[in-house]
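Reader: Hi! I'm new to reading structures, and I'd love a close look at how the helices here sit against one another. Could you walk me through it residue by residue?

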Amino acid sequence: AKKAIFDVTVEEASIRTVPEIDDELAAKIRPGLDAEGIRAELRKAIDENESGEWTEVRNKALSDALADVMDVEVPDTLVTNQAREKYAQMMAEFRTQGMDDDQIKNLITPENFLKYKDIEKADIVKDFKTSMATDEIARLESIEVPSYQIDEQLEAVKKEAAGEELGDE
């Protein structure tokens with residue numbers, strides 16, 4: 001074991017604070033609100049901003065943890081089918097990006113698919129385990145997704161597939 005000493009320069013440090021606001025200032029900012037109403041709006045805005053920054057990281061950590069605790073064998077046929085779908089999507093993306101059809105045809109070989117499948121297998125297995133765990137948790141906790149939310153998600157996926165810009169939904 002070797003000891004190491006590092007020189008560090010802190011470029012910036014910040015602390016989350018809510019400024020002092022009185023009723024007079026609150027009325028200037030938003031007529032009809034008092035100081036407590038403005039403070040509540042500020043806290044909400046800060047919390048929403050911070051939660052948005054960490055949502056993806058949190059979801060990935062939860063997904064990884066769920067996949068780790070799932071003790072299930074994932075059939076190779078499932079892995080193969082998922083890999084085929086992902087491989088086909090990748091080839092379609094190459095076409096969209098302007099790659100020549102002959103070049104794409106040259107990439108579509110059994111050897112290339114098997115290499116791709118080997119590379120993607122761990123992710124496919126993890127996604128399958130996460131999906132199984134999520135479904136089981138939803139079943140045990142009697143969690144049901146309202147149909148309108150499913151419709152909204154399907155619409156968002158359709159728009160994304162069509163290349164449309166999505167708003168803050």
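Author: L25 counts as partly exposed, because its relative accessibility is 36%. The model you are looking at is a predicted one, so please read every value below as computed from that prediction. L25 belongs to helix α1, which covers residues 23–29. Now look across from there to A35: the two residues are 10 apart in sequence, and their C-alpha atoms lie 7.5 Å apart in space.

Step along to A26, which is also in helix α1. A26 has a relative accessible area of 0%, so it is buried. What does A26 touch, once its neighbours within four places in sequence are set aside? The contacts are I21, L33, D34, A35 and I38. You can also find R39 from here: it is 13 residues from A26 along the chain, with 8.8 Å between the two C-alpha atoms.

Next, follow helix α2, which runs over residues 35–69. Two of its residues are worth pausing on. S63 is one residue of this helix, and it counts as buried because its relative accessibility is 13%, where the cut-off for buried is under 20%. Not counting residues up to four places away in sequence, S63 touches K126 and T130. A67 lies in helix α2 too, and with a relative accessibility of 7% A67 counts as buried. Leaving out the neighbours within four places, A67 is in contact with K126, K129 and T130. K126 and T130 therefore turn up in the contacts of S63 and again in those of A67, and both fall within the range of helix α5, residues 110–140. V125 is another residue to find from A67: they are 58 residues apart along the chain, yet their C-alpha atoms are separated by 8.3 Å.

That brings us to helix α5 and its partner, helix α3. Helix α3 spans residues 76–96 and helix α5 spans residues 110–140; their axes come within 8 Å and cross at roughly 115°. That angle makes α3 roughly perpendicular to α5. The crossing of α3 past α5 is right-handed. Which residues build this contact? From α3 come D76, L78, V79, T80, Q82, A83, R84, K86, Y87 and M90, while α5 supplies N112, F113, Y116, K117, E120, K121, I124, V125 and F128. Sorted by class, this contact holds 10 nonpolar, three polar and six charged residues.

R84 is a good one to pick out on the α3 side. R84 sits in helix α3, and at 49% relative accessibility it counts as partly exposed, since exposed means over 50%. From R84 to L114 the separation is 30 residues in sequence and 9.8 Å in space, C-alpha to C-alpha.

Now for the nonpolar core. The largest one has 10 residues in all: V74, V79, A83, Y87, M91, I104, F113, Y116, I124 and V125. Which elements give two or more residues to this core? They are α3 and α5. One member, M91, is in contact with I104, L107 and I108 when its neighbours within four places are left aside.

Finally, go past the end of helix α5 to S142, in the loop between α5 and α6 (147–162). Is S142 buried or exposed? At 61% relative accessibility, S142 counts as exposed. Its backbone has a detail to notice: S142 has a positive phi of about 55° although it is not a glycine. Most residues other than glycine have a negative phi.

Terms used
Residues numbered from 1 in each chain as written. Predicted model: local features only at pLDDT ≥ 70, side-chain atom pairs only at ≥ 80, totals over all residues. Heavy atoms only, no water. Axes fitted to C-alpha atoms, helices over the stretch in contact; angles between N-to-C directions. Helix = DSSP H or I, 4+ residues; strand = E, 2+ residues; numbered from the N terminus. Parallel < 35°, antiparallel > 145°, perpendicular 65-115°, else oblique. Left-handed = near helix turned anticlockwise from the far one by under 90°. Contact = heavy atoms within 4.5 Å. Nonpolar A, V, L, I, M, F, W, Y, C, P; charged D, E, K, R; others polar. Core = buried A, V, L, I, M, F, W, Y, C linked by side-chain atoms within 4.5 Å. Buried < 20%, exposed > 50% of the residue type's maximum accessible area, 1.4 Å probe, protein only.
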